[in-house]
Amino acid sequence: MHCVRTVTDHLYWVGANDHRLHLFENIHPIPRGVSYNAYLLLDEKSVLFDTVDWSACRQLLENIAYLLDGKPLDYLVINHMEPDHGASIEEILLRYPQVKIISTEKAFLLMRQFGFHVDGHECIEVKEGDTYTFGAHTVTFVAAPMVHWPEAMVTFDVTNGALFSADAFGSFIALDGKLFADEVNFDRDWIDEARRYLTNIVGKYGPHIQLLLKKAGGILDQIKFICPLHGPVWRKDFLYFIDKYDKWSRYEPEVKGVMLAYASMYGNTEAAAQALAAKLCERGVTDVALYDVSNTHVSYLISEAFKYSHIVLASVTYNLGIYPVMHNLLMDMKALNLQNRTFALIENGSWACKSGDLMQKFIDEELKNMTVLNERLTLASSLHESKAAELDALADAIVESMK
């Protein structure tokens, strides 16, 4: 049975939703699912923009067959070759042997690497600025390398204003019948998952996102729809989401607040983190989010690190080092290029307290444009009343740095 939605005249969503997959890219939890978006244009020539993950191929084929109603598929445009979008290419080629493929040089290289038999079809290689006409609709192609693979491009339909944005402007969460961002309460229900998607999947490539945003800015007055490969289609309030992408890709905090991540073996470091959170709230800083790094997936921690202006790391010393899950968080911060944050540190150790110095060294030497406050709370096994002044001083320093 088909399941399609109309984007605008002659353009249809023919993708699918996935609630069976537990880990996106086999690493990031997606408890609310994910959508795989593909789009079909019915002009004088029919055009499929991207495919879907192999697990959703049957739904894609049923949707296409319903809309084509016995007619051939003339063109397949591939904006991004990652398998969650490109895995069904081979099946499309088998079902529609006359289809012509439009993509970039690097994408065709990757298609062959994945074993797709593209050379039995007409392959049309395009680069930035090229155009193609399918009847009433003319599209132009814009290079988007490293957003987030090197072969990526976006396609803009100058006729109807649809921007097929590949992995840009995407989000976790299955659509489940909805299609447009204005059909959901995006700021309440979706923004956290959109941030988690962007920061963990594409966060490393902020400068490349900035370049794409500049290109999009040049045609912003012409864009009527933003059609990503995951998440809802945007048809209004573009600047709301573009502003988020601009902040995230410039590594600018989204909000002025405190993320407090603690690594605690027996609850003593956690107690210190809770005490600091209370002190901050007493001082009027109530946008405070606490996370146990041992039972919070790192993708959520990275998303929150991109959100907040201030980060407190509270870690026990373990084998004379940083507690492993806290060290993993720092490594992911480095890998995803987090910058421009203010850090405060809480360290704990029963006989050799090393974690604070080691976290400071990592932040200073491995991360970019970070500030570490001089005040530090040092614990010997647990938080005692003798540390009250030190705790107050740390809270005061955080509040002062936020002014």
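User: How do you know that S12 and strand S13 pair, and in which sense do they run?

Analyst: This is a predicted model, in which local features need pLDDT of at least 70 and side-chain atom pairs count only at pLDDT 80 or more, while totals for chains, interfaces and linings use all residues. Residues are numbered from 1 along each chain as its sequence is written, and side-chain values use heavy atoms, with hydrogens and water left out. Two strands pair if DSSP finds at least two bridges between them, and S12 and strand S13 (residues 138–143) have three bridges, so they count as paired, in the antiparallel sense. Across this pair, Tyr132 stands opposite Val139 in S13.

User: What makes S12 an edge strand?

Analyst: Five strands form an open sheet in the order S12-S13-S14-S15-S16, with mixed pairing. Strand S12 (131–133) and strand S16 (225–227) are the edge strands, as each pairs on one side only. From one strand to the next, the twist averages 20°, where axes are lines fitted to C-alpha atoms and angles run from 0 to 180 degrees between N-to-C directions.

User: What is found in the hairpin of S1 and S2?

Analyst: Strand S1 (residues 5–8) and strand S2 (residues 11–13) pair in the antiparallel sense over three bridges, and Thr8 stands opposite Leu11 in S2. Two residues lie between the strands of this hairpin, where His10 takes a positive phi near 75°.

User: Why is Tyr266 called exposed?

Analyst: A residue is exposed over 50% relative accessible area, buried under 20%, and partly exposed in between (1.4 Å probe, protein chains only). Tyr266 has a relative accessible area of 72%, and therefore counts as exposed. Tyr266 lies in the loop between strand S17 (255–263) and helix H8 (268–282).

User: Which residues make the nonpolar surface patch with Tyr266?

Analyst: Met265 and Tyr318 join Tyr266 in a nonpolar surface patch of about 360 Å². Patches are made of residues with over 30% relative accessible area and no salt bridge (a side-chain nitrogen of Lys or Arg within 4 Å of a carboxyl oxygen of Asp or Glu), with like charges joined within 9 Å and nonpolar side chains (Val, Leu, Ile, Met, Phe, Trp, Tyr) within 5 Å. Accessible areas come from the Shrake-Rupley method.

User: How many helices and strands are there in the protein?

Analyst: The protein has 12 helices and 22 strands, where helices (H or I, at least four residues) and strands (E, at least two) are DSSP runs, numbered from the N terminus. Of its 403 residues, 57% count as buried.

Conventions:
Areas by Shrake-Rupley, 256 points an atom, 1.4 Å probe, with all protein chains shown as cover.
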